[in-house]
Amino acid sequence: MPDISLTAVVLLCLAALAAGWIDAVVGGGGLLLLPALLLGLPAGTPAAHALGTNKAVAIVGTTGAAVTYARKAPVDVGTAVRIGLAALAGSSGGAFFAAGMSTEVLKLVIMVVLLAVAAFVILRPAFGTAPATGPATRRQTLAAIGLAGLGIGFYDGLIGPGTGTFLVLALTAVLHLDLVTASATAKIVNCCTNAGALAMFAWQGAVLWQLAALMAVFNLAGGTLGAHTALKRGSGFVRIVLLTVVFALVANLAWEQWGA
């Protein structure tokens, strides 16, 4: 593990706690956690190591949130697992191509992704507020497997940040779920994308395991707490968190890009 100051380790653990809570409520915890790793790791650390460590941390919090949701939310586990298996394949492929990505390119892509999410949320103010319409049709399930599974899974392995948010958006749009049910389903799918990407990063030796293990404890606590909060507060609360997260992150990256 590279030489990291105690202050940096503490800040990374706090970032993991907050990212776990955000990710469980609405997805997108990686949009906080990955930039924190890029900033907190010593200069010269390859971007692939930040990506791999991010996956090792995130899979723990995501699994904790998925278990909490599965116990209390009306999740179609069978559909979620089918989408998740496609996502596992997609994320493995994405991670294979991620090793050569530079930190500068990664930060630029995150900025573009955030702006796209912000635009979508602004233009669809009622998105995800209606109750779920019932079991998904075969056509809807196949569309979700292609878009949320293979497509977003590949993105998760290649870059990662925002995957949970994109999964929530895609599942809400394609399967006509409310935001809480979409968040619950997304956690199961996200477990699979994280597993596929993590396996590839581990094979490439791009995971800082000691740091990841410490951060994962905080991410698990945040993820479990976030799932309980979303279940208790409902879709309206999830939407508010979604908007808050997107706007805060866009403003932060815009300041770093042009204001600093």
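Here is a walk through this structure, from the overall layout down to single residues.

First, a word on what you are looking at: this is a predicted model, where local features need pLDDT of at least 70 and side-chain atom pairs count only at pLDDT 80 or more, while totals for chains, interfaces and linings use all residues. Residues are numbered from 1 along each chain as its sequence is written, and side-chain values use heavy atoms, with hydrogens and water left out.

Let's start with the big picture. The chain has ten helices and zero strands, so-called DSSP runs numbered from the N terminus (H or I for helices, at least four residues; E for strands, at least two). Read along the sequence, that gives the pattern α-α-α-α-α-α-α-α-α-α. Of the 260 residues in the chain, 57% are buried. Buried here means under 20% relative accessible area, exposed means over 50%, and partly exposed is in between (1.4 Å probe, protein chains only). The areas themselves come from the Shrake-Rupley method with a 1.4 Å probe, and for residues only the protein chains shown count as cover.

Now find helix 2, residues 30-40. Eight of its eleven residues are buried, so helix 2 is largely enclosed by the rest of the structure. The buried ones are Gly30, Leu31, Leu33, Leu34, Pro35, Ala36, Leu37 and Leu38. Follow the chain onward and you reach Pro46, in the loop between helix 2 and helix 3 (47-72). Pro46 counts as partly exposed, at 43% relative accessibility. Its C-alpha atom is separated by 8.5 Å from that of Ala206, although the two are 160 residues apart along the chain.

Helix 3 isn't left out of such long-range meetings. Ala213 and Val57 are 156 residues apart along the chain, yet 6.9 Å separates their C-alpha atoms. Ala213 lies in helix 9 and is partly exposed, with a relative accessible area of 47%.

Next, take a look at helix 6, residues 138-158. Its 21 residues reach 29 Å from the first C-alpha to the last, close to the 30 Å expected at 1.5 Å a residue (the expected span is 1.5 Å times one less than the number of residues). Helix 6 also bends by about 30° at Ile152, where the bend is the angle between axes fitted to the seven residues ending there and the seven starting there. The buried residues of helix 6 include Ala144, Ile145, Ala148, Gly149, Ile152 and Gly153. Gly153 is 39 residues from Cys192 in sequence and 8.6 Å from it in space, C-alpha to C-alpha. Cys192 sits in helix 8 and is itself buried, with a relative accessible area of 17%.

Which two rings pair up here, and how are they arranged? Rings of Phe, Tyr and Trp (its six-membered ring) pair if their centres lie within 6.5 Å; planes under 30 degrees apart count as stacked, over 60 as edge-to-face and the rest as tilted. By this rule the count comes to one aromatic pair. Tyr155 and Phe166 have ring centres 5.5 Å apart and planes at 75°, so the pair is edge-to-face. Tyr155 lies in helix 6 and Phe166 in helix 7 (residues 163-175), so the pair ties together parts that are eleven residues apart in sequence. Tyr155 is buried at 14% relative accessible area, and Phe166 counts as buried at 19%.

Just past helix 7 comes His176, in the loop leading to helix 8 (179-203). Its phi is near 55°, a positive value in a residue other than glycine. At 38% relative accessibility, His176 counts as partly exposed.

What about charges? Side chains of opposite charge can pair when their charged atoms come close. A salt bridge is a side-chain nitrogen of Lys or Arg within 4 Å of a carboxyl oxygen of Asp or Glu, and a search of the whole structure finds one. The partners are Asp23 and Lys187, at 3.1 Å from N to O. This pair links distant parts of the chain, with Asp23 in helix 1 and Lys187 in helix 8, 164 residues apart. Both residues are buried.

Finally, head for the surface. Leu6, Val10, Leu11, Leu14, Leu17, Leu214, Val217 and Phe218 make a nonpolar patch of about 730 Å². Patches are made of residues with over 30% relative accessible area and no salt bridge; like charges are joined within 9 Å and nonpolar side chains (Val, Leu, Ile, Met, Phe, Trp, Tyr) within 5 Å. Helix 1 (6-26) and helix 9 (209-233) each supply at least two residues of the patch, with the largest share, five residues, coming from helix 1. Leu6, one of the helix 1 residues, is exposed, with a relative accessible area of 67%.
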